[in-house]
Amino acid sequence: MAQLALYSGDRVGLLAYGQNIQQRLLPARGAAHLRQMIELLSQVHTETGEADHLRATATLNRLQPAGP
């Protein structure tokens, strides 16, 4: 899906998490960005515990630019 969005000209980011944030990549465009995303995804590991969705949401909120 990220590849399709990038080829359509959209910016794509990544947030991989479980109990903690494992990987994050700010939105950008281009083939090099896709390669970086794949490299980060290859480092994500499974966890047996419940994912911390609240922490992930708080992280996304911090990364969002302030509105007008």
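In this chain, the mean position of the 6 positive charges lies 12 Å from that of the 5 negative ones. The model you are looking at is predicted. Here is a quick tour, from the overall fold down to one residue, Gln-22.

**Overall build**
- The chain holds three helices and two strands.
- Read from the N terminus, these elements follow the order α-β-β-α-α.
- If you want a feel for the dimensions, the C-alpha trace spans about 35 × 35 × 15 Å along its principal axes.

**Surface and packing**
- Of the 68 residues in the chain, 22% are buried.
- The exposed area of the chain comes to about 5,200 Å², with 55% of it supplied by carbon and sulfur atoms.
- Take the contacts between residues at least 6 apart in sequence: 47% of them join residues at least 24 apart.

**A closer look at Gln-22**
- You will find Gln-22 in strand S2, which covers residues 21-28.
- Gln-22 counts as buried because its relative accessibility is 16%, and the cut-off for buried is under 20%.
- The side chain of Gln-22 makes a polar contact with the side chain of Glu-47, at 3.1 Å.
- Leaving aside residues up to four places away in sequence, Gln-22 touches Ala-16, Tyr-17, Gln-43, Val-44, His-45 and Glu-47.
- Glu-47 therefore appears twice in this picture, as a residue that Gln-22 touches and as its side-chain polar partner, with Gln-22 itself buried at 16% relative accessibility.

Methods. Residues numbered from 1 in each chain as written. Predicted model: local features only at pLDDT ≥ 70, side-chain atom pairs only at ≥ 80, totals over all residues. Heavy atoms only, no water. Helix = DSSP H or I, 4+ residues; strand = E, 2+ residues; numbered from the N terminus. Buried < 20%, exposed > 50% of the residue type's maximum accessible area, 1.4 Å probe, protein only. Contact = heavy atoms within 4.5 Å. Areas by Shrake-Rupley, 256 points an atom, 1.4 Å probe, with all protein chains shown as cover. Lys, Arg positive; Asp, Glu negative; His and termini not counted. Charge placed at Lys NZ, Arg CZ, Asp CG, Glu CD. Polar contact = N/O pair within 3.5 Å; in protein donor to acceptor, adjacent residues only side chain to side chain.
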